[in-house]
Amino acid sequence: MKYALVTGGSRGIGRAVSVKLAQLGYHIIINYVSRTDAAEETLRLVREAGSDGEMLQFNVGDAEQVKAALESWQKAHEDEYIEVVVNNAGIRRDNLMALMPAEDWYSVINVTLGGFYNVTAPLIPQMQFHKFGRIINMASVSGIMGMQGQTNYSAAKGGLVAATKALAKEVARKNITVNAVAPGFIKTDMVEGLDEAALKKTIPANRFGQPEEVAELVAFLASPQAGYITGNVISINGGLYT
């Protein structure tokens with residue numbers, strides 16, 4: 001049995017990634033925080049795709065919750081390990097920095113960047129022991145080019161990009177790759193409230209992307225064929241920024 005953990009796997013890009021990895025034969029661990037109904041729907045789609053999965057509830061930004069959940073999972077699967085982790089969980093709290101409450105700064109940083117550490121660090125030893133692992137981090141065009149009104153989000157995703165490059169060098173000898181995917185505007189809940197008509201004019205492809213397009217890239221990075229690709233940040237943004 002091959003196990004893949006997708007954080008924020010109940011909706012949007014996380015759901016599309018879960019389904020795609022299920023098509024590749026992975027048993028999917030669907031992480032979610034509160035939307036049990038959405039996680040159940042993802043699990044239904046995973047089974048429809050020909051595989052199976054399970055739901056694992058925890059807030060990636062809460063170190064104690066993550067530790068308890070992962071330890072419990074490992075005890076129930078003593079001879080198994082999570083060989084693929086997709087750090088997809090993230091939140092937006094957009095505002096001009098001069099008007100940004102401290103809570104909105106720290107919550108975005110903690111979920112995206114703190115969540116990456118909380119989830120990934122405990123999984124690395126087993127990947128090293130088994131001499132195989134795939135760590136795929138969901139960055140953003142905002143973390144590469146910066147976006148006004150998203151200083152917190154840009155900082156979090158930019159930090160994730162830098163962490164990807166550093167960690168890749170630490171674990172490459174054990175056949176573990178670490179890469180980041182940097183989507184632009186993708187049709188998910190995360191872009192609700194944005195002016196799609198106006199934003200499309202700034203995108204050479206003249207459209208928003210689909211979650212399934214991001215999932216295809218993630219699936220390739222998770223595959224054995226991508227074993228010599230590590231420490232990279234791959235943009236998927238319709239030409240918005242290169």
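## A walk outward from strand S2

Six of the six residues of strand S2 (residues 27-32) are buried, so the strand is largely enclosed by the rest of the structure. Keep in mind as we go that this is a predicted model. The enclosure of S2 can be followed face by face. On one side sit His-27, Ile-29 and Asn-31, on the other Ile-28, Ile-30 and Tyr-32, and all of these residues are buried, leaving both faces of the strand covered.

Let us look next at the neighbours of S2, beginning with strand S1. Strand S1 covers residues 3-6 and runs parallel to S2, with four bridges joining the two. If you would like a place to start in the viewer, take Tyr-3, whose bridge partner in S2 is His-27. To get from S1 to S2 the chain passes through helix H1 (residues 12-23), and the resulting β-α-β crossover is right-handed.

Strand S3 is another partner of S2. It spans residues 53-57, and its pairing with S2 is parallel, over five bridges. Here a handy landmark is Ile-29, which has Glu-54 as its bridge partner in S3. The chain makes its way from S2 to S3 through helix H2 (residues 36-48), and this β-α-β crossover is right-handed.

Helix H2 deserves a closer look, and Leu-45 is a good guide, since this residue lies in H2. Which residues does Leu-45 contact, once its neighbours within four places in sequence are left aside? They are Arg-15 and Val-19. With the span of H1 given as residues 12-23, you can find both of these contacts of Leu-45 there. Ser-18 gives a further view of the region: Leu-45 and Ser-18 are 27 residues apart in sequence, while their C-alpha atoms are 8.7 Å apart in space.

Staying with H2, we can turn to charged side chains. The structure as a whole holds eight salt bridges. One of them joins Arg-44 to Glu-48, with 3.0 Å between the closest N and O atoms. Both residues belong to helix H2 and are four residues apart, about one turn of the helix. Are these two residues buried or exposed? Arg-44 counts as partly exposed, at 40% relative accessibility, whereas Glu-48 is exposed, with a relative accessible area of 58%. The pair also belongs to a wider arrangement, as Glu-41, Arg-44 and Glu-48 are linked in a network of salt bridges.

Another salt bridge connects Asp-37 with Arg-35, and there the closest N and O atoms are 3.1 Å apart. Asp-37 is partly exposed, with a relative accessible area of 46%, and Arg-35 is also partly exposed, at 37% relative accessibility.

Now jump along the chain to Arg-207 and Glu-213, whose side chains meet in a salt bridge with an N to O distance of 2.8 Å. Arg-207 is partly exposed, its relative accessible area being 40%, and Glu-213 is partly exposed at 34%. While you are here, have a look at Asn-206. This residue is found in the loop between helix H8 (196-200) and helix H9 (211-222). Its phi is near 60 degrees, a positive value in a residue other than glycine. Most residues other than glycine have a negative phi. Asn-206 is partly exposed, with a relative accessible area of 48%. Lys-131 also has a positive phi near 60 degrees, and this residue is found in the loop between helix H5 (124-130) and strand S5 (133-138).

The loop between strand S6 (176-183) and H8 brings us to Phe-185. At 13% relative accessibility, Phe-185 counts as buried, because the cut-off for that term is under 20%. What does Phe-185 touch, not counting residues up to four places away in sequence? The list runs through Met-147, Val-191, Leu-194, Leu-199, Ile-203, Phe-208, Gly-209 and Leu-240. Glu-196 is 11 residues from Phe-185 along the chain, and the C-alpha atoms of the two are separated by 8.9 Å.

Our walk ends on the surface. Ile-144, Met-145 and Tyr-241 together make a nonpolar surface patch of about 230 Å². Of these residues, Ile-144 lies in helix H6 (residues 142-145) and is partly exposed, with a relative accessible area of 35%.

Conventions:
Residues are numbered from 1 along each chain as its sequence is written. This is a predicted model: local features need pLDDT of at least 70, side-chain atom pairs count only at pLDDT 80 or more; totals for chains, interfaces and linings use all residues. Side-chain values use heavy atoms; hydrogens and water are left out. Buried means under 20% relative accessible area, exposed over 50%, partly exposed in between (1.4 Å probe, protein chains only). Two strands pair if DSSP finds at least two bridges between them. A crossover is right-handed if, with the strands pointing away from the viewer, the path from the first strand over the helix to the second runs clockwise. A salt bridge is a side-chain nitrogen of Lys or Arg within 4 Å of a carboxyl oxygen of Asp or Glu. Patches are made of residues with over 30% relative accessible area and no salt bridge: like charges are joined within 9 Å, nonpolar side chains (Val, Leu, Ile, Met, Phe, Trp, Tyr) within 5 Å. Accessible areas come from the Shrake-Rupley method with a 1.4 Å probe; for residues, only the protein chains shown count as cover. Contact means heavy atoms within 4.5 Å.
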